[in-house]
Amino acid sequence: MLQLTERWFLDGIVSYVRGERRDIDDDLYRIAPLNTTLALTHRRASWSVTLESQFYAEQDRVSATNDESISGGYGLLNLYGQYELPAQGVTFTAGVDNMLDKQYRPHLAGTNRVINSDVPAGLRLPGDGINGYLRLSLHW
């Protein structure tokens, strides 16, 4: 975490996994592509708000043995906030994931095998659309 000012923070993570089979010349099946999450947070004494971006590269190192298809890259934007009552051990969180309602197909999503559905058979299942949530956490 990088503290930009007294109240602004930047943090993130980059993840990369590379997997190859040892018995034949092929890539491992269902390996997530290079991805990163970056978050900018404004923090006060009892509350914070965070704007988070998630980026996934295309995955073109796929398993030929499993007839795995290449997946495209995409980016998502999320927004969430927290309000804490530390003396009571209560935290309220509310957020919106994929707030721009981006259409995407995660590489680790399954493939549709059902005929006559909204997703044609053989295509990778789509990712979640816009998603709002509320969470109450109790600490004791």
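Start with the largest pocket of this predicted model. Select Y29, D67, E68, T111 and R113, which lie nearest the centre of that pocket. They are part of a lining of 14 residues. Colour the lining by class, and 3 nonpolar, 6 polar and 5 charged residues appear. The space in this pocket comes to about 260 Å³.

Next, go to the second largest pocket, which holds about 170 Å³ of space. Select T41, R43, S48, T50 and Q82, the closest to its centre among the 14 residues that line the second largest pocket. Which elements give two or more residues to this lining? They are β3, β4 and β5. The strand that gives the most is β5, with 4 residues. By class, the lining of the second largest pocket divides into 4 nonpolar, 6 polar and 4 charged residues.

Those strands are the next stop. Select residues 35-43 for β3 and residues 47-56 for β4. The two strands run antiparallel and are joined by 9 bridges. To see one place where they face each other, select T37, which stands opposite Q54 in β4. Then look at the turn of the chain from one strand to the other: β3 and β4 form a hairpin, with 3 residues between them.

Keep β4 selected and add residues 74-85, which make up β5. How many bridges join β4 to β5? There are 10, and these strands also run antiparallel. For a single pair, select L51 together with L79 in β5, its bridge partner.

While the strands are on screen, follow the side chains along one of them. In a regular strand, side chains alternate between the two faces of the sheet.

Now widen the view to the whole sheet. It is an open sheet of 7 strands, in the order β1-β2-β3-β4-β5-β6-β7, with antiparallel pairing. Which strands are at the edges? Select residues 2-3 for β1 and 131-138 for β7: each of these edge strands pairs on one side only.

End at the β7 edge. Select residues 90-97, strand β6, alongside β7. The pairing of β6 and β7 is antiparallel and covers 8 bridges. Within it, select A94 and then L134, which stands opposite A94 in β7.

To return to the start, reselect Y29, D67, E68, T111 and R113 around the centre of the largest pocket, then T41, R43, S48, T50 and Q82 around the centre of the second largest pocket.

How values were computed. Residues are numbered from 1 along each chain as its sequence is written. This is a predicted model: local features need pLDDT of at least 70, side-chain atom pairs count only at pLDDT 80 or more; totals for chains, interfaces and linings use all residues. Side-chain values use heavy atoms; hydrogens and water are left out. Two strands pair if DSSP finds at least two bridges between them. On a 1 Å grid over the protein atoms alone, a cavity is a set of points where a 1.4 Å probe fits but cannot get out, and a pocket is an open set with protein on both sides within 12 Å along at least five of seven lines; lining residues have an atom within 4 Å of a point. Grid points are joined across faces, edges and corners, and a volume is the space filled by probe spheres set on the points. Ala, Val, Leu, Ile, Met, Phe, Trp, Tyr, Cys and Pro count as nonpolar, Asp, Glu, Lys and Arg as charged, and the others, Gly among them, as polar.
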